[in-house]
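The exercises below ask you to read local geometry, sheet architecture and a ligand site from one structure. Please work through each task before turning to its solution.

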Amino acid sequence: MLTAAVIGAGMAGILAAIRLDQSGIACDVYEKGDSVGGTWRENTYPGIACDVAAHWYTYNFARNPEWDSLMAKGEDIRAYFEHVASDFGVLEKIRFNDEVVLLRYDAGRWHLETASGHRADYDIVIAATGVLHHPNIPDFAGIDTFRGAVFHSARWDHGVPLDGKNIGIIGNGSTAAQLVSALVEGAKRLDLYQRTAQWVMPRDNIPYSEEEKALFRKDPAALEALIRELRSKTLNGYAAAVIDVSSPEYRALEQVAQDNLATVKDAALRERLTPDYKVACKRLVISSTFYDAIQHPNARLVTSPIERIEPEGVRTADGNLHELDVLVLATGFQVDRFIRPTRVIGPGGLDLDDVWAEGPLAYLSMSVAGFPNFFLLNGPNSPVGNFSLVEVAQHQIEYILQLVDGIRTGHYREIAATPEAMRRFEEERCEAAKKTVWVTGCDSWYLDKKGVPASWTFSYDRFVQEAAHPRMQDYETR
Ligand code: NAP
């Protein structure tokens with residue numbers, strides 16, 4: 001029986017374990033944390049929710065008729081993944097609290113080592129380590145001198161009281177928008193330190209009635225019809241818009257964001273909230289509450305650049321000291337890490353860190369030339385955006401299982417993308433990037449060091465088509 005190691009027990013790792021098991025491949029899952037859920041385990045900040053429709057953000061073999069509203073709370077999403085992992089027998093396969101530090105390909109197998117010294121060999125490795133995983137902690141001068149509590153949004157300290165406190169939030173991405181909405185009411189004062197204004201799309205979080213939930217329970221076809229509708233609305237609107245700024249879909253998207261901004265009553269505040277780049281160049285913030293929250297009497301938008309952190313609070317370039325009790329770094333993530341810092345050494349000593357020295361690449365986001373039987377879920381250049389990464393991972397695992405099937409049936413022992421396929425994919429991807437909104441004059445986590453979008457730059461339909469069946473001529477087998 002073939003064996004596989006799955007790295008990570010988040011949404012994609014749970015999926016991989018289930019599908020490997022169903023395909024007759026024995027697998028162990030390695031998880032450095034103490035529970036499943038990945039991003040939904042790590043991010044527990046007040047107000048956390050998923051701005052992708054909850055029903056669409058589920059595995060197609062484990063739908064959940066119980067969602068309370070269009071967009072679910074973080075804790076409910078985490079509970080969903082915990083339930084699925086339990087129901088499908090994944091929990092027994094997971095080695096918790098042990099980080100994989102080394103993967104070395106030797107004599108046709110992957111040798112794995114963990115931080116605790118555990119060793120094992122596998123035929124196949126699937127990296128399901130997530131994208132938004134390693135917090136980006138900017139090096140603010142004086143941050144160590146701050147007398148209050150300071151932490152990153154993905155490392156929330158629930159022991160720190162917030163009610164009646166002066167709270168500062170650095171950053172104004174999707175995370176900060178949710179935080180401001182959740183905290184402004186209870187805070188004495190809430191400062192939002194904005195370096196670059198963001199476009200905000202309204203989306204009401206419509207609740208599902210008990211009747212609707214009963215219908216979804218009784219009639220899975222009705223639930224699937226809803227998911228098809230949610231899916232096609234997003235794909236025909238947002239996903240089509242961002243890859244072509246001259247499209248009617250893009251103009252429609254732009255209008256909604258501009259109209260939303262126009263709802264900010266105070267002209268001076270509106271001016272400061274107005275981005276100087278195109279709608280959706282950065283990932284859209286989806287929120288029907290953010291503009292109200294930032295206009296709340298407790299809220300202050302601070303746009304003077306942060307000069308340093310002092311014991312009492314934040315000193316901005318205009319000379320003002322903003323006294324704070326709590327400082328939250330909603331400053332995003334290092335998005336080019338993927339499986340790293342785990343060392344991955346392929347045949348002949350080829351080091352993944354060297355191959356990715358200029359930035360992470362993978363053929364169709366799943367296979368790296370020179371690294372046989374090593375696959376990634378939601379890997380480099382995978383589709384990201386305001387749509388369901390669960391669905392993306394499902395397409396990818398089915399594709400990977402087709403590649404693995406050739407090993408299982410003895411057609412070959414090793415498989416990896418050819419260097420030529422990787423090069424061609426990358427060239428086409430960079431060419432397609434030129435038409436996307438992400439290169440229209442803003443900085444964002446979508447762009448790599450060279451300013452090229454690191455994500456899937458083609459249509460979502462192309463992703464679905466490419467992921468349907470491997471083109472075997474793009475693979476080297478032995
Ligand atoms: P982010 O979008 O990367 O935003 C980071 C923020 O921190 C930006 O406003 C950035 O300003 C600011 N920042 C970074 N370094 C700074 C510095 N040195 N000084 C001042 N400001 C600094 O991070 P995020 O809000 O955590 O969101 C990351 C991604 O997570 C999202 O794009 C989304 O994909 C996902 N997410 C999703 C949801 C959801 O509901 N589905 C919710 C939260 C997060 P600049 O813009 O000037 O760089």
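**Exercise 1.** In which loop is A280 found?

Solution. A280 sits in the loop between α8 (267-272) and β13 (285-286), where helices (H or I, at least four residues) and strands (E, at least two) are DSSP runs numbered from the N terminus. Next, look at the backbone: phi of A280 is near 75 degrees, which is a positive value in a residue other than glycine. Before going further, note that this is a predicted model, in which local features need pLDDT of at least 70 and side-chain atom pairs count only at pLDDT 80 or more, whereas totals for chains, interfaces and linings use all residues. Residues are numbered from 1 along each chain as its sequence is written, and side-chain values use heavy atoms, with hydrogens and water left out.

**Exercise 2.** Locate the cis peptide bond between R340 and P341 and place P341 in the fold.

Solution. The bond from R340 to P341 is cis, with omega near 20 degrees. P341 itself belongs to the loop between β19 (333-334) and β20.

**Exercise 3.** Describe the sheet that contains β20, starting from its strand order.

Solution. The open sheet has four strands in the order β6-β5-β4-β20, with mixed pairing; two strands pair if DSSP finds at least two bridges between them. Because β6 (119-122) and β20 (343-345) stand at the edges with a single partner strand each, one side of each is left without a neighbour in the sheet. From one strand to the next, the twist averages 15 degrees, taken between axes that are lines fitted to C-alpha atoms, with angles running from 0 to 180 degrees between N-to-C directions. As a last step, inspect one pair: β5 (residues 109-114) and β6 run antiparallel and are joined by four bridges, and H111 stands opposite D121 in β6.

**Exercise 4.** Apply the same steps to the sheet that contains β16.

Solution. Three strands, in the order β15-β16-β17, form an open sheet with antiparallel pairing. Its edge strands are β15 (306-309) and β17 (321-323), each of which pairs on one side only. Neighbouring strands of this sheet are turned by 25 degrees against each other on average, direction ignored. Between β16 (residues 313-316) and β17 there are three bridges, and the bridge partner of R315 in β17 is L321.

**Exercise 5.** Which residues come nearest to the ligand, and which backbone atoms lie by its oxygen atoms?

Solution. Of the 24 residues around the ligand (one heavy atom within 4 Å), N172, T175, T196, K282 and W445 come nearest. Among the polar contacts (N or O pairs within 3.5 Å), a polar backbone atom of D51 is 2.9 Å from a ligand oxygen, a polar backbone atom of A49 is 3.0 Å from a ligand oxygen, and a backbone N or O atom of A330 lies 3.3 Å from a ligand oxygen. The protein covers 84% of the 900 Å² of accessible area that the ligand has on its own, as given by the Shrake-Rupley method with a 1.4 Å probe. Helix α4 (residues 174-183) gives the largest share of the shell, three residues. Finally, domain 1 (3-134 + 334-477) and domain 2 (143-204 + 230-329) both give residues to the shell, so the ligand lies between them; the domain bounds come from an automatic or database domain assignment.

Technical notes: Polar contact = N/O pair within 3.5 Å; in protein donor to acceptor, adjacent residues only side chain to side chain.
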